[in-house]
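Got your viewer open and a selection box ready? Here is a short tour, one stop after another.

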Amino acid sequence: MKNRLFFFLAAEHFKQDLFAPVALSAPFSALSGGYSSPYRETELNGRLDYQFPWNSARLFYKFTYDNNSVVAGFGGSNFSPFKNRDNTPAHAVGFDFNTGTFTHSIRFAYNYFHNAISDAVTGTSIFNPAPAIQMYFNNGAGFVSGPNFLAPQTTIQSNKELKYDGSKTFRSHVIRYGFGLNKINGFAFASFFGLAPQIGLDTGTNSTAIAATGPFPGGVNNPLNYPVDSILIGNGFGCFTEKSAFGSPCGGLGDNRIQFYVGDNWKVRPNLGINFGLRYVRDTGRQDSDLAPIPCSATTLITCTGNLLDQFGNTPGLGNRIRQPNLNFAPQLGIAWDPIGNGKTVIRAGAGLYYDNTVFNNILFDRVVRLAKGQFNAQPGDPCSSGGQLVFPDGSVVTSVDGLDIGSQICGKPVGGAVQTALGDLQKQFQANAASLGANSTNPFFLGQLLDGLGSLFAPNFMTPRSVQMNVGVQRELHRSTVLSADYVRNVATHFLLGYDTNHIGDPRFLNMNAALNALNTTVGSAGCAPATGAGASSQAAIDCYIAAVPGASITDFADNGLDSGGQYLAGFPAVLFGLTPDTGAAFPGINPNVGRNTMYFPAGRSVYNGLQMSLKSQISNPTRGIKGLNLQVSYALSSFKSNVPYGGGIGDQDFLPLAGDFNNHTKFFGPASQDRRHQISFGTILEMPLGARLGFIGHFNSPFAQSLWLPSGAGVGGEIFRTDVTGDGAFGGASQTSNNGYGDILPGTQVGALGRDVSASGLNNVINSYLSGPAGKLTPAGQTLVTAGLFTQSQLVSLGAVTPGSCNADGTPVALNQPSCVATAPPGNVGLAWLRTFDLTFAWPIKIKERVTIEPSVSAFNVFNFANFDGPTNKLGGILNGAADFANGTTAANRSSTRIGAGSGVFALGAPRQMEFGLKFTF
């Protein structure tokens, strides 16, 4: 109907056939290659509007649809990609109308999201030297192969939202008000590590020495020669809740969100406006507050009273029901003032409180630990951290597979050949055992079964993450259609979740002397030395005997018999689970030796963003001969983003359950966040050319991200609390709780995000030399505890290598005896994290065929100058000071490769090598 009914339709299709390169660093450079990575995407959107003849009423319907698929890696380019498919239809209906001085806006929306992740490796030509497992090198070369640990996975979410917004004009006020109801239904199926066990490996000094004499051709250049550090097994299940959803009997998630607001836009004077209001929001289903506390009667392993979680650290109230936030009120205030009154200048300021919500991913493992019955996805403890013992779902303890002893013939041995086959068979046996229990059986990962908080438990004092944002700025029209803006923005985020072990396993304050003597005597007895009768002269004489009798005697020998953290010796489990007592278990078992680790997340995190944001926008007609119009935008941000989140090679996202850097002082570490860029410059323009042609370009120049610096651990070598636990909290820098992945604590004397901020690439050796001349070669708090207790002397611990990592020889091996790792100085020409530099061009020429038909061919070039960009958000220069290529103290311009930004998936990979895109658009 003319002037009443309007419609719009649009469609786009993307097709990309990419050979995705995999660039590896030494020692695996020769294995670099790639794989086929096809990308497809179809986008549709349309809108139908009807204009009523009364009350300015308008009714519209809008739909969007996006379907895409891609084969891509995760966490950088590697030989372990997955196939990802997304299907996202969405519908919206709106009705707007006026009644007198009131305006009304009603919206109803339905959004649906379906994601599926599947294996892209098995049965293809993608390089996979160990088909039974996923090989995952944690701290070197970027090598990953085998089925991706994320597959298979399905995520579904539907949102049904009703929203009303209204306003009332009253004199100089415009009163705004509204409410919203959003029902969110979700389904999560994720059989993490379900296709193959993930085997952690590293290229540290100790592992490289083993690989050099490995049984497979190529020595250190063959990943099959590297020893097994850790084993992560999937149980084959994919649900995380007992709730039905989308046709599945389990895996359901849900949230009912209610929100309302009221505010006033007050025109105080013609040149002064004030905007203030109050918003309220309430989310349910985001923190498992529906689950009752777990009583002590839920376990038969120990005897206690009250709530079971209270036993983890002997902390009253820890096992209470999780709090449901019901008072999330958020005030907001804004002011805009034109001091001159001519409409060319405005000074603005504002402040507001804004609530976030906790993503569903964060609560998945919380429910797995709290539910007594059911089959849920979970991973057992790493058997390499428990002396080769793996607890099966039926409660049995398995110590061998395919005739190989897990502790002595798999852990610490080259991963290839019979070992990788046995590891695949171990997972198959574990999954068969889990499936045999039945859907209504006892949940083997229930807290009462293991006395270990394996998942991500929420603390009872849960609070909704929130931020306070403040800004003050000025905007000025410099010339007709040319506007300059400058704003100072400050955002302080609080209450995001930060995790730590409430039982403080491995903390040197909680030494069990009987367990320590038992471990000591078991060790010295193997060398024929007389047992110690107690601490002091007796224990020190026994140790002297052992050192004299055993060439290369190491603190690891004692740690492997229990003189260690319960986190490494028993994988965080309590001694009772293995038929032991606290006196025959780990020497450092935590506050309560009757229970294991409890990694719990508290609303303790804090981050601060400060930024000066400037922009210049201009629209100029006929700026020069041959140019009909020019649109120019330039923006610059000088900023600082700091947080409590320690991070290694990943993105360090505060929204996804980070661990504290120090379990005894949760907010001790506070520095530049993983996403921090000090300078960000962007510019772009569109030129209107003769005959309707358009030429556009856009450029980005961003300064490097920050990176934390870490001591290199022995990566699975026992006794790490005596080498890299410099904080004395029993954990390892927040990057690991077992130190089987190469991370020790943050380098003493530095903060989160030190590299690229407090420490430059050229100044890194000054910091390393300061460490080597100071804290290096010293006792950790755990070692000092042994000396104070009289069990060892300081000189004995030094000779056993129970000190912080020292310097390296020229060949990268430790100068100190009996140490599995060392801190090397950076090579000449050492580089830091890189700037992002990219420049894109687009040329389009709309050609009118008829009055109502236009055809528009276009060509685009992304990163037209083909700048080599490195260090993207999820794959950047590593911070472990292991001296390897693509790590902070081992990278030069010549050997930097695996952190280069690749083509990625789709056609919009910012910073990727130069790409061309051709387009054709029809308008009718």
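Before you click anything, keep in mind that this is a predicted model.

**Stop 1: the main nonpolar core.** Select Met135, Ile199, Val228, Ile231, Ile410, Val415 and Leu423: these have the most contacts inside the largest nonpolar core, which has 101 residues. Now add helix H4, residues 418–435, which gives the most to this core with five residues. Which residues does Leu423 touch, leaving out those up to four places away in sequence? Show Ile133, Pro197, Ile199, Val228, Ile231, Ile410 and Val415 around Leu423 and you have the set. There is also a second, separate core, with 28 residues; Leu520, Leu563, Ala587 and Phe588 are among them.

**Stop 2: aromatic rings.** The count of aromatic pairs comes to 35. Pick out Phe127 and Phe143, an edge-to-face pair with 6.3 Å centre to centre and 75 degrees between the planes. The two are 16 residues apart, with Phe127 in the loop between strands E5 (102–119) and E6 (134–137), and Phe143 in the loop between E6 and strand E7 (144–145). Buried or exposed? Phe143 has 0% relative accessibility, so it counts as buried, while Phe127 is partly exposed at 32% relative accessible area. Widen the selection to Phe28, Phe79, Phe137 and Tyr226 as well: ring pairs link these with Phe127 and Phe143 into a cluster.

**Stop 3: charges over rings.** Jump to Arg286 and look for its charged end over the ring of Phe360, 4.1 Å from the ring centre. Then try Arg896, which lies over the face of Phe870 at 4.0 Å from the ring centre.

**Stop 4: two helices with a buried side.** Select helix H7, residues 537–549. Its 13 residues should span 18 Å at 1.5 Å a residue, and the end C-alpha atoms are indeed 18 Å apart. Colour Ser539, Ala542, Ile543 and Tyr546, which are buried. Look down the axis of H7: the buried residues fall within an arc of 100 degrees, so they line one face. Ala537 and Ala548, on the other side of H7, are exposed. What covers the buried residues of H7? Bring up helices H6 (513–525), H8 (555–559) and H12 (794–799), which are included in that cover.

For another example, go to helix H1, residues 205–212, where Thr205, Ser207 and Ala211 are buried. These cover an arc of only 160 degrees around the axis, which puts them on the same side of H1.

**Stop 5: Leu711.** Leu711 is in strand E28, residues 710–712. It has 0% relative accessibility, so it counts as buried. Expand the selection around Leu711 and, beyond residues up to four places away in sequence, you will find contacts including Thr724, Val726, Tyr743, Leu747, Pro805, Val823 and Ile880. For a distance check, the C-alpha atoms of Leu711 and Arg678 are 26 Å apart, with their positions 33 residues apart along the chain.

**Stop 6: Gly374.** Finish in the loop between helix H2 (364–370) and strand E16 (390–391), where Gly374 sits. With 10% relative accessibility, Gly374 counts as buried. Apart from neighbours within four places in sequence, Gly374 is in contact with Ala439, Ser441, Asn443 and Pro444. As a last click, draw a line from Gly374 to Gly728, 354 residues apart along the chain: the C-alpha atoms are separated by 38 Å.

Methods:
Residues are numbered from 1 along each chain as its sequence is written. This is a predicted model: local features need pLDDT of at least 70, side-chain atom pairs count only at pLDDT 80 or more; totals for chains, interfaces and linings use all residues. Side-chain values use heavy atoms; hydrogens and water are left out. Helices (H or I, at least four residues) and strands (E, at least two) are DSSP runs, numbered from the N terminus. Buried means under 20% relative accessible area, exposed over 50%, partly exposed in between (1.4 Å probe, protein chains only). Contact means heavy atoms within 4.5 Å. The expected span of a helix is 1.5 Å times one less than its number of residues. The arc is that of the directions from the helix axis to the C-beta atoms. Rings of Phe, Tyr and Trp (its six-membered ring) pair if their centres lie within 6.5 Å; planes under 30 degrees apart count as stacked, over 60 as edge-to-face and the rest as tilted. A charge sits over a ring if NZ of Lys or CZ of Arg is within 6 Å of the ring centre and within 35 degrees of the ring normal. A nonpolar core is a set of buried Ala, Val, Leu, Ile, Met, Phe, Trp, Tyr and Cys residues joined through side-chain atoms within 4.5 Å.
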